[in-house]
Amino acid sequence: MAKIYDRPVIFILILTMLAGYLFFFNLGGLALTDPDETFYAQTAKEMLGRGEWITPYLYGKPQFEKPILFYWLVHISYKIFGVNEFAARFPSAVFGLIGLIAMYLLGAVLFNRRVGAFAAIILASNVEYVILSRACVTDMVLTVFMLLGVYRFFCGYTTGKKFYYILSGIGFGMAVLTKGPVFIILAVGVFIISFLFSRDFSSVKKMPIFWAIFAYLAVTVPWYAAVYKIHGTTFINEFFGFQNVTRFMTSEHKIGSQVYYNIPIIMGGFFPWSIFVPFGLWHMFKRARAKSTATPEKMGAIFTLAWFFVIFFFFTASSTKLPTYIFPSFIALALTVGVLWDDFLKTGAASVTKKGFAVSYWLLMATVIIAAAGILIYLYSHYPSIFGGVAVICLCIISGMALSCAAFIRKKFALSFILIVCAVGVILIPLSALVLPELERYETSKEIAGKLLTYMKGDERLGSESNYLPGLAFYTGKLPVDLDRHHNLVAFLSSPERIWCVLKEKNHRFLYELDTKPIYTQPSYMVYKIGKRAIVTNKIPEDGVYLLKRERVK
């Protein structure tokens, strides 16, 4: 990188251009995916329609799954760009860029500017960071506010200036307004562990902790107090009781019960840099224990390890697990791998560092080839419609990695690093042109919503299984009825007037094949099917055209 990393303004401009391509290219080209993106997009859409700024609404009713800040951001984006996919994802893309800049600055504070540069680019080019920077979900905004809180805290730690601690409190307050109080508890735990292991208690005594707490409360209390005043214990029970405590104690999803669940998430989500993580963590442990390590860098190593393992073990213990829950730990992983690359490139690096790094590098190359072959074999058999597009993507990645190998063999290690990043970045073009348009038909509600609007007339009601509800609401402008429970589906189909449903085709079939009570005895008509989903109505279509009529065999 030819010491560009030592020129912050130029390097931040480079990060901005990188983010412009990785995060903003064709940002609105794919329809919003079900159920998560459409959940947040539809909530902000309803708030916009109501002129509401305090209570999140979904399907015309208050919902308290997440706090307010992300909805505010999407709400404002709608006002600027209109209600569309680009506007829904724009806040995440902007925060993706902010996160890269903050990562560069944090790495410089904890270690040095080259570590910060490596860490920022590593963060930008791992799979999950790119995905979440292009998605209408809360995780990118949450993680970046936490990153900003950490960065400002260590600015205060290294300079002793009170102002930075206040900014840190604001950053963590914004994180709590984005996704709730769990992550401030984790952050406080990380800081306590870091200072206990570093034994730097004198610095703790000098910290203006009161001012940081005051700033944090000044940011968080007004909204929580306002929404409590309006909704009282309903808000407390739903948000704190169910969304935080119950979801930790009881699994909400079918997946995620395995203790090892987060390991493959990290290996896949942080790819391609995840291959360096095992040796990188061992290397960071050595730094944290080394007596010769300078105090700021030793604190940086201890903090990095504490940040990763506290988040990792907390969400391993949590009964409810999702791929994005572990995402804030990627801050620590980017620093870990950034430090490893920095130390490897130093003149006089330890022999064990060079050997361990080289093993990790060649393991990455082997993993890319094996993974590409496995993915292509699987897709050829199960999803032939996207096989050609994915084959082009695999060819791009392998070509980039081959060029990286050539540079590595010639000991042009910085160039080798850049070529890995290029191999990741170049896939966006074939992904957007060849794969996502096909996936959009099956993973989003846009096409099926368009079909519904051609069938539905006037005030005819719409119902759906819960996973499709927000997408159908967003793309049809109607508020569908939740039909996840069997008795609700039977009651809805038994309506005297014409109604419309979006169901999994197998569930429409089970309605007649199984004897689940109450038993539905009337015929219904499947008029359209795409993937697993079908449009069903309880009356014969006016034009008499339908794909399949189902009725109970007596």
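This short presentation covers the nonpolar cores, one buried threonine, a surface patch and several backbone features of the structure above.

Good morning, colleagues. Please bear in mind that this is a predicted model.

I begin with the interior. The largest nonpolar core holds 152 residues. Those with the most contacts inside this core are Met103, Leu106, Phe154, Trp273, Trp307 and Trp341. Helix α7, which runs over residues 139–159, gives the most to the core, with 13 residues. A second, separate core has 14 residues, among them Leu489, Val490, Ile499 and Cys501.

Let us look at one member of the largest core. Which residues does Trp273 touch, leaving aside its neighbours within four places in sequence? Trp273 is in contact with Ile122, Ser125 and Asn126, with Val337 and Trp341, and with Phe417, Ile420 and Val421. Trp341 is thus a contact of Trp273 and is also listed with Trp273 among the residues with the most contacts inside the core.

I turn next to Thr336, found in helix α16, residues 330–345. Is Thr336 buried or exposed? Its relative accessible area is 1%, and because buried means under 20%, Thr336 counts as buried. Its side chain reaches the backbone oxygen of Ala332 at 2.8 Å. Beyond its neighbours within four places in sequence, Thr336 is in contact with Gly280, Leu281, Met284 and Thr304.

From the interior we move to the surface. Val188, Ile192, Ile193, Leu196, Phe197 and Phe201 form a nonpolar patch there, and together they have about 590 Å² of accessible area. Which helix gives the most to this patch? Helix α9, residues 182–198, does so with five residues. Ile192 is one of the patch residues and has its place in helix α9.

I close with the backbone, taking the cis peptide bonds before the positive phi values. One cis peptide bond joins Asp34 and Pro35, with omega about -5°. Pro35 sits in the loop between α1 (8–24) and α2 (36–50). Another cis peptide bond joins Lys517 and Pro518, where omega is about 0°. Pro518 belongs to the loop between α24 (505–513) and β6 (524–530).

The loop between α1 and α2 also holds Asn26. Although Asn26 is not a glycine, its phi is positive, at about 55°. Asn26 is partly exposed, with a relative accessible area of 39%. Lys411, likewise a residue other than glycine, has a positive phi near 65°. Lys411 lies in the loop between α18 (387–409) and α19 (413–425), and at 65% relative accessibility it counts as exposed.

Thank you for your attention.

Terms used
Residues are numbered from 1 along each chain as its sequence is written. This is a predicted model: local features need pLDDT of at least 70, side-chain atom pairs count only at pLDDT 80 or more; totals for chains, interfaces and linings use all residues. Side-chain values use heavy atoms; hydrogens and water are left out. Patches are made of residues with over 30% relative accessible area and no salt bridge: like charges are joined within 9 Å, nonpolar side chains (Val, Leu, Ile, Met, Phe, Trp, Tyr) within 5 Å. Accessible areas come from the Shrake-Rupley method with a 1.4 Å probe; for residues, only the protein chains shown count as cover. A salt bridge is a side-chain nitrogen of Lys or Arg within 4 Å of a carboxyl oxygen of Asp or Glu. Helices (H or I, at least four residues) and strands (E, at least two) are DSSP runs, numbered from the N terminus. Buried means under 20% relative accessible area, exposed over 50%, partly exposed in between (1.4 Å probe, protein chains only). A polar contact is a pair of N or O atoms within 3.5 Å; within protein, one must be able to donate a hydrogen and the other to accept it, and residues adjacent in sequence count only if both atoms are side-chain atoms. Contact means heavy atoms within 4.5 Å. A nonpolar core is a set of buried Ala, Val, Leu, Ile, Met, Phe, Trp, Tyr and Cys residues joined through side-chain atoms within 4.5 Å.
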